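Reader: I have a structure to look at and some terms I do not yet trust. Could you take me through how such terms are earned?
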Amino acid sequence: MKESRSPILTDEELLMGLAEGTDDALTHLYRRYFPMVLHFVTTNSGNEDDAKDIYQEALIVLYEKVRNGSLELHCQLKTYLYSVGRRLWLKQLAQRSRFMVRDVETPASDEFVAGQIDEDLSVHEERDRQFDLMADSLTRLGEPCRTLLDDFYIQHLSMQEITEKFGYTNTDNAKTQKYKCLMRLKRLFFTEYKA
Amino acid sequence: METNEEKDIENILLAYGERVRFKQQLQAIQAGADMNAMRQDAKSYRSESTGAVRSLWQMYRTTLAVAASAAIITTFGSIFLYQTYQQSHKQEQQYSLLSKEIQAVKSSQRQLLNDYNGRGRGLSTNPAQVAGTGFLLTGDGYFVTNNHIVRDADSVYVQSTKGEVYKARVVYTDQSHDLAFLQLCDDNAFRTMPTVPYSFDARPSDLGERVYTLGYPREEIVYGEGYLSSGTGYRGDSTAYQVAIGVNPGNSGGPLLDEKGNVIGIISGKQTTSEGVSFAVKTNYLLEALNNIPVDSLKGQPLKLNRRNTLANLSRKQQIKRMQDYVYQVKVFKHKD
């Protein structure tokens, strides 16, 4: 069942593409390994949407590791993605109080690799918690702060563009506003985060 | 602290932004992906692994379950049996080298009494790290012991029963047979001794041969006797004998002598799991190793083994009395790393 793909990218090339965030690499990652996860989730009482979510999350785990340069792959990329996806789905199933899965692939059995995946996932969970809280804090921040910070840090608009968009008199003014907003966000975030 | 949090919040915000962006990108890729082809792939995945098997599975489920449990029981049963068998015959790591790691050497009274020129004092204040036994091959200072005693040594000293200490030079080592040859005559204090009273017998000795050894499991020379229990050593090692003799750390490198006072081997180790199972390298291999010593390591002093045995007609006690001057304790100092 090896379909002819052109060009056939190696794991290495895929990961490099992923680090650069190219659509091409992502498309390949989907085409190559999503069917595996899709099959796994659907044979274990999930549906297609569940599989999409799981695969998306697995890719996020991979992506964020690649991005901060902390990825050391000690197994095949396929095994890594399968194992991560499997864990994530198991967690979902556990919440639905089901604990058994039928494997369609061999998950990473090497103790070291399994330990590494455990760690990756706990880092991921922690980050999830952080990001959920961040989303929450941003909402509670209210306007115009939320949009201002969003424009600057997430949409990466320049200070000049923001000055114009919000009608500030000059960029310094905009910067001061941004700083104030950031301080408010910091307070909101950390009071929750540390508690 | 304040600035730290400021940096943190910026970083989290940026990372959060990146996550949001990446999710959107993934969303887009997913939407654009050819879901039908992937579903097809997933299905073929299924047929690869189960497919046709599935209907059979439904049919024979119970039979299979029974067969599987029988198989499991048999498998684990045999594994268990095999393991118990292995454990009872386990030989791994049961071979222990008999060099002695010394934490603190108590200097015996004898040593102090004989410490005329203060040479012994250096040793007692600076205890060696490894100790074993060794004995002279020739009266003029060639000496043999186990390689594992002098391995990685910074300096090697030998000490006689009288407490005299000489510095020794390692002339040659034979790792495969665990032998090391030393020379004492580098040390000016060493005076050539009369020819050694024992001879070396390279012919294989017979099972049941009464044997004895002298060694230094403690600061004092200790006699031990037993018999040859096998013509091969640890795990059938044909270069060694198995000897039923009680030896302890520190005995390593000691001579193994037969009734007549022929050296038939060198004590090298014992099996940790059973008492009185010791091993000795055969004299044959000692001679072989001797022949391998490069001529220039000998510094022009040929190594000629004694062929005449002067112990043969003596009683055991007399033998020991004559022998013990030729058996030394080997003290080894190592670089601590």
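Author: Start with one cut-off: a residue is called buried if 20 or more other C-beta atoms lie within 10 Å of its own. Keep in mind that this is a predicted model.

Reader: Why is B:Leu257 called buried?
Author: B:Leu257 has 26 other C-beta atoms within 10 Å. The cut-off is 20 or more, so B:Leu257 counts as buried.

Reader: Where in chain B is B:Leu257 found, and which residues is B:Leu257 in contact with, leaving aside neighbours within four places in sequence?
Author: B:Leu257 belongs to strand 12 of chain B, residues 255-258. Its contacts, with those neighbours left aside, are B:Tyr198, B:Val211, B:Tyr212, B:Thr213, B:Asn262, B:Val263 and B:Ile264. A contact requires C-beta atoms within 7 Å. As for B:Glu209, 48 residues apart from B:Leu257 along the chain, the C-alpha atoms of the two are separated by 9.8 Å.

Reader: What makes strand 15 of chain B mostly covered?
Author: Strand 15 of chain B spans residues 327-334, and 6 of its 8 residues are buried.

Reader: How do you know that strand 3 and strand 15 of chain B pair?
Author: Pairing needs at least two bridges. Strand 3 (residues 130-136) and strand 15 of chain B are joined by 6 bridges, so they pair, and they run antiparallel. Within this pair, B:Thr133 is opposite B:Gln329. Strand 5 of chain B (residues 153-159) also has 6 bridges to strand 15 of chain B, again antiparallel. There, B:Val156 has B:Val332 as its bridge partner.

Reader: Which residues have the most contacts inside the largest nonpolar core?
Author: They are B:Phe143, B:Leu256 and B:Ala280, in a core of 56 residues. Among the residues that B:Phe143 touches, beyond four places away in sequence, are B:Phe135, B:Leu137, B:Val158 and B:Phe181. Apart from this core lies another, of 34 residues, including A:Phe34, A:Val61, A:Trp89 and B:Ala42.

Reader: How many residues does each chain give to the contact between chain A and chain B?
Author: Chain A gives 29 residues and chain B gives 24. On the side of chain A, helix 2 supplies the largest share, 10 residues.

Reader: How do the residues on the side of chain A that touches chain B divide into nonpolar, polar and charged?
Author: The division is 20 nonpolar, 6 polar and 3 charged.

Terms used:
Residues numbered from 1 in each chain as written. Chains lettered and ligands numbered in written order. Predicted model: local features only at pLDDT ≥ 70, side-chain atom pairs only at ≥ 80, totals over all residues. Core = buried A, V, L, I, M, F, W, Y, C linked by C-beta atoms within 7 Å. Buried ≥ 20, exposed ≤ 12 C-beta atoms within 10 Å, placed from the backbone. Contact = placed C-beta atoms within 7 Å. Helix = DSSP H or I, 4+ residues; strand = E, 2+ residues; numbered from the N terminus. Nonpolar A, V, L, I, M, F, W, Y, C, P; charged D, E, K, R; others polar.
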